[in-house]
Amino acid sequence: AWHSTEVTFDPGTASAIRIEASKRGKARGTDVPPDLWVDVLDPLTAFLRLRRELADLSEGAQTAVPVLDGRRRFDMVAEVVGREKAELDGRAWDALRVEVTIVPLAGFDQEDWDEAGYGDEGIRLQALISDDERLIPLQVRTLNAPVNLVFNLDQECEPTGVCRTPSG
């Protein structure tokens with residue numbers, strides 16, 4: 001099923017002002033009521049804000065970011081679990097271990113949600129993020145998804161444009 005969603009945000013109010021969604025080329029509405037369009041971020045901006053806020057959190061502290069992708073409204077809640085030395089592909093990193101929970105608020109199919117086994121706890125992810133000014137996502141893994149997924153950093157690129165594998 002091919003979906004297309006376009007959300008227009010008002011930069012002055014951090015609220016969505018228009019959502020255009022289609023499925024297989026046919027216009028369809030959103031299941032997110034307008035009262036949940038207020039004080040939200042798009043998913044990419046939300047991820048960047050979450051990264052920035054994590055840098056200032058102490059162990060055990062949490063932060064939450066409200067997200068609207070047009071079809072769904074959810075909160076991304078992140079907790080710094082600890083700081084550690086992480087080894088990825090032979091390279092040691094000072095890293096923040098962060099647990100992220102996707103808390104559904106609107107637009108989620110309850111039957112699919114139940115079938116996936118998320119229950120009341122939401123979708124849980126674990127991330128390792130470099131514990132430096134760059135806050136590079138080193139690894140992200142699912143904790144409770146029906147299929148275990150792991151994303152690892154493949155290349156690290158310098159501001160000069162030079163890229164290298166994490167081990168080199």
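Student and tutor work through a predicted model of one protein.

Student: What pattern does the protein follow, read along the sequence?
Tutor: Start with the secondary structure, which comes to two helices and 11 strands. Then read those elements in sequence order. The pattern is β-β-β-α-β-β-β-α-β-β-β-β-β.

Student: What box do the C-alpha atoms fill?
Tutor: The box is taken along the principal axes. Its dimensions are roughly 50 × 40 × 35 Å.

Student: What percentage of the residues count as buried?
Tutor: Buried means under 20% relative accessible area. The protein has 168 residues. The share that counts as buried is 34%.

Student: How much of the accessible surface belongs to carbon and sulfur atoms?
Tutor: The accessible surface of the protein comes to about 9,900 Å². The part that belongs to carbon and sulfur atoms is 49%.

Student: Among contacts between residues at least 6 apart in sequence, what percentage join residues at least 24 apart?
Tutor: Contact means heavy atoms within 4.5 Å. Take the contacts between residues at least 6 apart in sequence. Those that join residues at least 24 apart make up 46%.

Student: How far apart are the centres of the positive and negative side chains?
Tutor: There are 19 positive and 31 negative side chains. Each set has its own centre. The two centres lie apart by 4 Å.

Student: Which residues gather in a patch of positive charge, and is Lys26 buried or exposed?
Tutor: The surface patch is made of Lys23, Arg24, Lys26 and Arg28. Lys26 lies in strand 3, residues 26-28. Its relative accessible area is 63%. Exposed means over 50%, so Lys26 is exposed.

Student: Which residues gather in a patch of negative charge, and what is the relative accessible area of Asp109?
Tutor: The surface patch holds Asp109, Glu111, Asp112, Asp114 and Glu115. Asp109 sits in the loop between strand 6 (91-106) and helix 2 (110-116). Asp109 is partly exposed, with a relative accessible area of 42%.

Student: How many salt bridges does a search of the whole structure find, and what is the N to O distance between Arg72 and Asp69?
Tutor: The search finds nine salt bridges. In one, the side chains of Arg72 and Asp69 meet. Arg72 is partly exposed, at 25% relative accessible area. The N to O distance for Arg72 and Asp69 is 2.8 Å.

Student: Which residue meets Asp94 in a salt bridge?
Tutor: Asp94 is partly exposed, with a relative accessible area of 44%. Its partner counts as exposed, at 61% relative accessibility. The N to O distance in this salt bridge is 2.7 Å. The partner is Lys85.

Student: Which residue forms a salt bridge with Arg124?
Tutor: The closest N and O atoms are 3.4 Å apart. The pair links distant parts of the chain, with Arg124 in strand 7 (residues 123-130) and its partner in strand 6, 25 residues apart. Arg124 is partly exposed at 23% relative accessible area, and the partner counts as partly exposed at 26%. The partner is Glu99.

Student: Which residues are linked with Arg18 in a network of salt bridges?
Tutor: Arg18 has its place in strand 2, residues 15-23. At 33% relative accessibility, Arg18 counts as partly exposed. The residues linked with Arg18 in the network are Glu6 and Glu20.

Student: How far apart in space are Arg18 and Trp37?
Tutor: Leave out residues up to four places away in sequence; Arg18 then touches Glu6, Val7, Thr8 and Trp37. Arg18 and Trp37 are 19 residues apart in sequence. In space, C-alpha to C-alpha, they are apart by 9.2 Å.

Student: Is Ile17 buried or exposed?
Tutor: Ile17 is found in strand 2. Leaving aside neighbours within four places in sequence, Ile17 is in contact with Thr8, Phe9, Asp10 and Trp37. Its relative accessible area is 55%. Exposed means over 50%, so Ile17 is exposed.

Student: How far apart in space are Ile17 and Ala106?
Tutor: In sequence, Ile17 and Ala106 are 89 residues apart. C-alpha to C-alpha, the distance in space is 17 Å.

Terms used:
Residues are numbered from 1 along each chain as its sequence is written. This is a predicted model: local features need pLDDT of at least 70, side-chain atom pairs count only at pLDDT 80 or more; totals for chains, interfaces and linings use all residues. Side-chain values use heavy atoms; hydrogens and water are left out. Patches are made of residues with over 30% relative accessible area and no salt bridge: like charges are joined within 9 Å, nonpolar side chains (Val, Leu, Ile, Met, Phe, Trp, Tyr) within 5 Å. Accessible areas come from the Shrake-Rupley method with a 1.4 Å probe; for residues, only the protein chains shown count as cover. A salt bridge is a side-chain nitrogen of Lys or Arg within 4 Å of a carboxyl oxygen of Asp or Glu. Lys and Arg count as positive and Asp and Glu as negative; His and the chain ends are not counted. The place of a charge is taken as NZ of Lys, CZ of Arg, CG of Asp or CD of Glu. Helices (H or I, at least four residues) and strands (E, at least two) are DSSP runs, numbered from the N terminus. Buried means under 20% relative accessible area, exposed over 50%, partly exposed in between (1.4 Å probe, protein chains only).
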